[in-house]
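Colleague: Walk me through this one, please. Short answers are fine.

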Amino acid sequence: MFNLNGRIAVITGAGSGMGAGISKKLSEAGAFVCLLGRSIEKLEETRKSLSNPGASFRCDVQDEQALLRIKESIVSTHGKIDILVTSAAAPGVVSKLEDT
């Protein structure tokens, strides 16, 4: 496996399915994982299963202002975002995240 110690990963759709699975693998590799999704309960379930501590952010990824606030929070706390995984099932999500 690869080493992601010190890396900050943001995963949308992290409450279930591929997003949750990717979050777990990135955490196992050492990344600090920031989980985004609409259900804080599902995000917390995923976060509790991580190898490393992580953070959960309730967010509808179609809400551009919410994405900007979360991005600012993550960058102000961690200084950067190294990895972005867009696993949320919503049209136009990738372009909104790339534009921020």
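Modeller: One term up front: contact means heavy atoms within 4.5 Å. The model is predicted, so local features need pLDDT of at least 70 and side-chain atom pairs pLDDT 80 or more, while totals for chains, interfaces and linings use all residues. Residues count from 1 along each chain as its sequence is written, and side-chain values use heavy atoms, without hydrogens or water.

Colleague: Good. How many helices and strands does the protein have?

Modeller: Four helices and four strands. Both are DSSP runs numbered from the N terminus: H or I for at least four residues, E for at least two.

Colleague: In what order do the elements run from the N terminus?

Modeller: The order is β-α-β-α-β-α-β-α.

Colleague: And what share of the residues is buried?

Modeller: Of 100 residues, 38% count as buried. Buried is under 20% relative accessible area, exposed is over 50%, and partly exposed lies in between (1.4 Å probe, protein chains only).

Colleague: What share of the contacts comes from residues 24 or more positions apart?

Modeller: They make up 51% of the contacts with a separation of 6 or more.

Colleague: Cysteines next. How many disulfides turn up in the whole structure?

Modeller: Zero. The test is a pair of cysteine sulfur atoms within 2.5 Å.

Colleague: Is cysteine 34 buried or exposed?

Modeller: Buried, because its relative accessible area is 0%. Cysteine 59 is buried as well, with a value of 3%.

Colleague: Where is cysteine 59 found?

Modeller: In the loop that links strand 3 to helix 3 (64-78).

Colleague: Which residues does cysteine 59 touch?

Modeller: Beyond residues up to four places away in sequence, cysteine 59 touches Gly37, Arg38, Ala66, Leu67 and Ile70. Its C-alpha is also 8.8 Å from that of isoleucine 40, with their positions 19 residues apart along the chain.

Colleague: Let's follow glycine 37. Where does it sit?

Modeller: Glycine 37 is in strand 2, which covers residues 32-37. It counts as buried because its relative accessibility is 11%.

Colleague: And which residues does glycine 37 touch?

Modeller: Leu43, Phe57, Arg58 and Cys59, again leaving out residues up to four places away in sequence. Glycine 19 is 18 residues away along the chain, and the two C-alpha atoms are 9.4 Å apart.

Colleague: Switching to serines. Where is serine 23?

Modeller: Serine 23 belongs to helix 1, residues 17-28. It is counted as buried because its relative accessibility is 0%.

Colleague: What lies 2.7 Å from a polar atom of its side chain?

Modeller: The backbone oxygen of glycine 19. A polar contact is a pair of N or O atoms within 3.5 Å; within protein, one must be able to donate a hydrogen and the other to accept it, and sequence-adjacent residues count only if both atoms are side-chain atoms.

Colleague: Which residues is serine 23 in contact with, past its neighbours within four places?

Modeller: Ile11, Ala14, Val33, Leu35, Thr46 and Leu50.

Colleague: Last one, serine 56. Where is it found?

Modeller: In strand 3, residues 54-58. Serine 56 is buried, since its relative accessible area is 18%.

Colleague: Which side chain does serine 56 join in a polar contact?

Modeller: That of glutamate 44, at 2.8 Å. Glu44 also appears among the contacts of serine 56 outside four places in sequence, along with Leu35, Ile40, Leu43 and Arg47.
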